Amino acid sequence: GAERYFTRWYKPDVKGRPCEDFCVLQHSNRRICVITLAEAHPLLQSGKTIKNINYQISANCSRLQNKVSGKSKRGAQFLTELAPLCRISSSDGDEYTIYSCIRGRLIEVNENILSNPTLLQEKPSTEGYIAVVLPKFEESKNITQGLLTRKEYEEVLLKRCNST
Amino acid sequence: MSSLTEKDRPIVQLLLNAGTCPRCILRFCCVGSQVLYRHPHQDLMKKLQEFLKNNQEKESAVSLDVVDPPCKRIRFEHSEEGADDLNHNGAIPQVPSAGDGNAATESSAVKVCNVCLGILQEFCEADFVKKVCQKVNSADYQFTSFVFSVSLPPQLSVRERAAWLGVKQEMRNLGLPLAKDDIVQLKEAYKWIIHPQLSEELGVPADGKSLFEVSVVFAHPETDEECHFLATACPDCFKPAKNKQSVFTRMAVIKALEKIKEEEFLKHFQCPPSSPKNLCDALEIQCNNGAVFVAGRYNKYSRNLPQTPWIIDGERKLESSVEELISERLMAEFKADSFNFSSSGREDVDVRTLGNGRPFAIELVNPRRIHFTAEEMKRLQQAINDSSDKIQVRDLQLVTREAIGRMKEGEEEKTKTYSALIWTDKAIQREDIAFLDDIKELKLDQKTPLRVLHRRPLAVRCRLIHTMKSEYIDEHHFRLHLKTQAGTYIKEFVHGDFGRTKPNIGSLLNRTADILELDVESVDVDWPPTLAD
């Protein structure tokens, strides 16, 4: 469907937290990136129910307040790799932070998952995306440097299986 | 405006002494007879000299009318040094005759005019006219009239002002009123003289509205710095602009001359101006034809053809393009420098355009050939169609610039119909898609698609799907015909673009859908006019 023109990149165990893996979908236009949960993320495992999704990541910063204008997306909140996008709590009391994973301007966060959290679990790679990020033009070739290819990610998954 | 009168005598004398050419002198005396200017400048010089020799006692008339009887002086004062002889007892002074040794009044070597720098001298003569016409003829343009535009160096305005102030001063010194101040503009006089000659050589009339422009740029580097004093006197007129080489443009200089006070000017610049050593240079003689516009409708049969050349980092990603395939022949036939292609909307690389095709217009810049009959246009259309099977054109015709507006109107207002080949993940039966046929005026909210979001602003567009018609193929495929408002993103309506287009086919069918093929079936714009075959 819509993901046809995207290449998948992965960032596993973000901030050292086991299995908190994210996926960065990079469009073939080499600029637009969509941040999603990767399949091994705890929130996508069976038994987890989402209690709350909060885009207010600090007292002064809500990702929902992000406003961009014009072609160059002026006014966007700028993100570094470990900038939090949102905080999600599950009904069993666990809390998870979703990170940007790449540097760039925040274009939008997905408001559909606020009104329909199951979207995040049912279609994490499409309608359940977290955010859209636009890296700087000069950096667009470098953003994948800190990320794993699909193949490399599968090896990570394999290693995890074997070690348990 | 009358011809020369007694009142003009001091002006003529002053300017002649200063090295001003006869035609400029006529201008400063507000002589409005075009015919007079066309006389060869040697003749005019003789006539001026005769005029100066004559006083009211001589009977022999000059062909320049001396109409008015001399007027009584009201008063006069002592002249400044270097001015004409004054008879203190009140009689009208004798103007010094040509034999006085003033260099300006006679010689076989003609001095370069201190006002027009030669433009109303050499550059009105047959030799220059020949030069211009040679250039025009060798450039091989088709034209039925011409407009001759001339670019003058800015210091001419300064010298004009200086000459005028010199005249004013002289008249003041002589105690004479300055009767007229509507002197003939240099460019106007120049055109009076040169247009008939150009017209004769080229065989077509001069017409201010002509699309064929012959332009000449005159420069006089020797005196370029004469404008610079204006920058200190009126600094705010001369702001350095990024792309301009010199800050001293004609416009800036004229503006400063309007602002500067007479006393200030006189401080910085010799009035009347001094004679230059050299003539102006005629830098460039250029020809340019106004753009012509060719319109038509195109069909696109390839799923591998971009609208415009697709080049990234200097490398062409896909061979050719719609605009190149159509414009190539036209460029060659019209012998144009370049083209600008525009169309009533456009389609993606992988989308075909069927039906009557999409309206387009091509602006051909500086064409050498401009006359084409309807027959010739038909043949041109056939040639384009024979050259490629990826595109075909129809209704190829010449149109006016204004007509382009109708095409762009269509882009925003008119409807389009499409045919989409759709795939679904979960199986479908006929009944599952039948309801789509009944949906009318479906409102969509479309966020800027991710595939273009890097180069377009983020926005939500509200668009209408007017009607739909489905054609069941199998459990995972069906064809959908849609009629939509202009500006609707069809692909995103099918796959949903991560839920950013709502509703979408996926949400309507409660499945995941994707678009395999898209065709434009019609662009509902009734322009350009359909041509009979």
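What radius of gyration would a compact globule with the 164 residues of chain A have, and what does chain A have? The rule for a compact globule gives a value near 15 Å, and chain A has 15 Å, which agrees. The structure is a predicted model, and everything described here is read from that prediction.

The rest of the description of chain A can be set beside this value. Along its principal axes, the C-alpha trace spans about 50 × 35 × 30 Å. Chain A contains 3 helices and 9 strands, and their order along the sequence reads β-β-β-β-β-β-β-β-α-α-β-α. Of the 164 residues in chain A, 51% count as buried. Contacts that link distant parts of the sequence also feature in chain A: among those between residues at least 6 apart, 59% join residues at least 24 apart. The accessible surface of chain A amounts to about 8,100 Å², and carbon and sulfur atoms account for 48% of this area.

Turning to chain B, a convenient place to begin is helix H1, which covers residues 9-18. This helix is mostly covered, with 9 of its 10 residues buried. The buried set consists of B:Arg9, B:Pro10, B:Ile11, B:Val12, B:Gln13, B:Leu14, B:Leu15, B:Leu16 and B:Ala18. These residues pack against three helices of chain B, namely H2 (22-28), H4 (41-53) and H6. Just after H1(B) comes B:Gly19, which takes a positive phi of about 100°.

Helix H6 of chain B, a packing partner of H1(B), also meets helix H9 of chain B. In general, a pair of packed helices is described by the angle between their axes and the distance between the axes. Helix H6(B) spans residues 155-173 and H9(B) spans residues 250-259; their axes lie 9 Å apart, at an angle of about 25°. Angles under 35 degrees count as roughly parallel, and H6(B) and H9(B) are therefore roughly parallel to each other. On the H6(B) side, the contact is made by B:Ser157, B:Val158 and B:Arg161, while H9(B) contributes B:Arg250, B:Val253, B:Ile254, B:Leu257 and B:Glu258. Sorted by class, this contact has 4 nonpolar, 1 polar and 3 charged residues.

Some backbone details of chain B are also worth a look. A positive phi, near 60°, is found at B:Cys30, a residue other than glycine. B:Cys30 sits in the loop between H2 and helix H3 (34-38) of chain B. Its relative accessibility is 1%, so B:Cys30 counts as buried. B:Leu117, likewise a residue other than glycine, has a positive phi near 55°. B:Leu117 belongs to the loop between H4 and helix H5 (126-139) of chain B, and at 0% relative accessibility B:Leu117 counts as buried.

Cis peptide bonds appear in chain B as well. One runs from B:Cys271 to B:Pro272, with omega near -5°; B:Pro272 is in the loop between helix H10 (262-268) and strand E3 (281-289) of chain B. Another joins B:Trp527 and B:Pro528, with omega at about 0°. B:Pro528 lies in the segment that follows strand E15 (513-523) of chain B.

Finally, B:Glu200 offers an exposed position in chain B. This residue lies in helix H7 (residues 186-202) and, because its relative accessibility is 68%, counts as exposed. From C-alpha to C-alpha, B:Glu200 and B:Ile312 are 52 Å apart in space, and 112 residues separate them in sequence.

Terms used. Residues numbered from 1 in each chain as written. Chains lettered and ligands numbered in written order. Predicted model: local features only at pLDDT ≥ 70, side-chain atom pairs only at ≥ 80, totals over all residues. Heavy atoms only, no water. Axes fitted to C-alpha atoms, helices over the stretch in contact; angles between N-to-C directions. Helix = DSSP H or I, 4+ residues; strand = E, 2+ residues; numbered from the N terminus. Parallel < 35°, antiparallel > 145°, perpendicular 65-115°, else oblique. Contact = heavy atoms within 4.5 Å. Nonpolar A, V, L, I, M, F, W, Y, C, P; charged D, E, K, R; others polar. Buried < 20%, exposed > 50% of the residue type's maximum accessible area, 1.4 Å probe, protein only. Rg over C-alpha atoms; globule rule 2.2 N^0.38 Å. Areas by Shrake-Rupley, 256 points an atom, 1.4 Å probe, with all protein chains shown as cover.
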